Amino acid sequence: MDINVLVDALTSQEPVADFESWPSPPPVRGDPAANALGVLNDAKEFALWLSPHILDGTGRVLREYYGWSLARATQYLEVLERIASRSGGANITPQLVVTDCEDWEDNRILELAAESGAVLIVSNDDHLLGMSPWRGTAVVDPRAFVAKVDAMRRAQLRVARKSQS
């Protein structure tokens, strides 16, 4: 996930009292970014990978543009690190240098994707979305990601119900 999705997961909806209580499909409702983070919080199918750049950028945006206190932003970043750990991801510092995108910030996301072996990148960024697939890695927006996970989970539920019948 890129910085804007991690920020949108909290700022595009009603304030979240408990950072670890994101909705998760099914059913799909509410904010796509929050649902996407909910999928990762479930730690079933996908892992959240972070880097110091993503954590620093997320905290900076929350503080500078949304008026969050340092303590509140730090609390959210710690939750993201727990989600990453629980889901099989991690906080890593990419050693690769990527210059494929005209946007410097987006290249940091691509570096993390390459270093972590990501199968997809969840982003709202037009630069990144326009590069999909980037080196074989799909770039999808949160709405598409959640819709695909929702469809996959519903199909698994149908199969499980049939086998119990």
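Reader: Which residues are linked with Glu45 in a network of salt bridges?
Author: This is a predicted model. A search of the whole structure finds 5 salt bridges. In one of them, the side chains of Glu45 and Arg153 meet at 2.8 Å, N to O. The network of salt bridges links Glu45 with Asp42 and Arg153.

Reader: How many residues apart are Glu45 and Arg153, and where does each lie?
Author: The pair links distant parts of the chain. Glu45 is in the loop between H2 and H3, and Arg153 is in helix H7. Their separation along the chain is 108 residues.

Reader: Is Arg153 buried or exposed?
Author: Its partner Glu45 has 28% relative accessibility, so Glu45 counts as partly exposed. Arg153 has a relative accessible area of 6%. The cut-off for buried is under 20%. Arg153 is therefore buried.

Reader: What separates Asp150 and Arg154 in helix H7?
Author: Their side chains meet in a salt bridge at 3.0 Å, N to O. Asp150 is buried, at 12% relative accessible area, while Arg154 is partly exposed at 36%. The two are 4 residues apart in the helix, so the separation is about one helical turn.

Reader: Which residue forms a salt bridge with Glu111?
Author: The closest N and O atoms of this pair are 2.7 Å apart. Both residues lie in helix H5, 3 residues apart, so about one helical turn separates them. Both are buried. The partner of Glu111 is Arg108.

Reader: Arg108 also lies over the face of a ring; which residue carries that ring?
Author: Arg108 is at 4.5 Å from the ring centre. Elsewhere, the charged end of Arg72 sits over the ring of Trp68, 3.8 Å from its centre. For Arg108, the ring belongs to Trp104.

Reader: Asp31 has no salt bridge; how far away is the nearest side chain of opposite charge?
Author: Asp31 is found in the loop between H1 and H2, and Asp31 is buried. The nearest side chain of opposite charge is Arg143. A salt bridge needs the atoms within 4 Å. Arg143 is at 6.7 Å.

Reader: Which backbone nitrogen does the Asp31 side chain reach at 2.9 Å?
Author: The Asp31 side chain reaches the backbone nitrogen of Ala33 at 3.0 Å. The contact at 2.9 Å is with the backbone nitrogen of Ala34.

Reader: Why is the pair of Phe46 and Phe145 classed as it is?
Author: The structure holds 2 aromatic pairs. In this one, the ring centres are 5.1 Å apart and the planes stand at 70°. Planes over 60 degrees apart meet the cut-off. So the pair is edge-to-face.

Reader: How many residues apart are Phe46 and Phe145?
Author: Phe145 is buried, with a relative accessible area of 4%. Phe145 is in helix H7, and Phe46 is in the loop between H2 and H3. The pair links distant parts of the chain, 99 residues apart.

Reader: Which element gives the largest share of the largest nonpolar core?
Author: The core has 42 residues, and those with the most contacts inside it are Met1, Leu37, Leu48, Tyr76 and Leu80. Elements that each supply at least two residues include helices H2 and H7 and strands S1 and S2. The largest share is 7 residues, and its source is H4.

Reader: Is Asp56 buried or exposed?
Author: Asp56 is in helix H3. Its C-alpha atom is separated by 8.7 Å from that of Leu77, 21 residues apart along the chain. The relative accessible area of Asp56 is 54%, so Asp56 is exposed.

Key
Residues numbered from 1 in each chain as written. Predicted model: local features only at pLDDT ≥ 70, side-chain atom pairs only at ≥ 80, totals over all residues. Heavy atoms only, no water. Core = buried A, V, L, I, M, F, W, Y, C linked by side-chain atoms within 4.5 Å. Buried < 20%, exposed > 50% of the residue type's maximum accessible area, 1.4 Å probe, protein only. Lys, Arg positive; Asp, Glu negative; His and termini not counted. Polar contact = N/O pair within 3.5 Å; in protein donor to acceptor, adjacent residues only side chain to side chain. Phe/Tyr/Trp six-rings, centres within 6.5 Å; stacked < 30°, edge-to-face > 60°. Lys NZ or Arg CZ within 6 Å of the ring centre and 35° of its normal.
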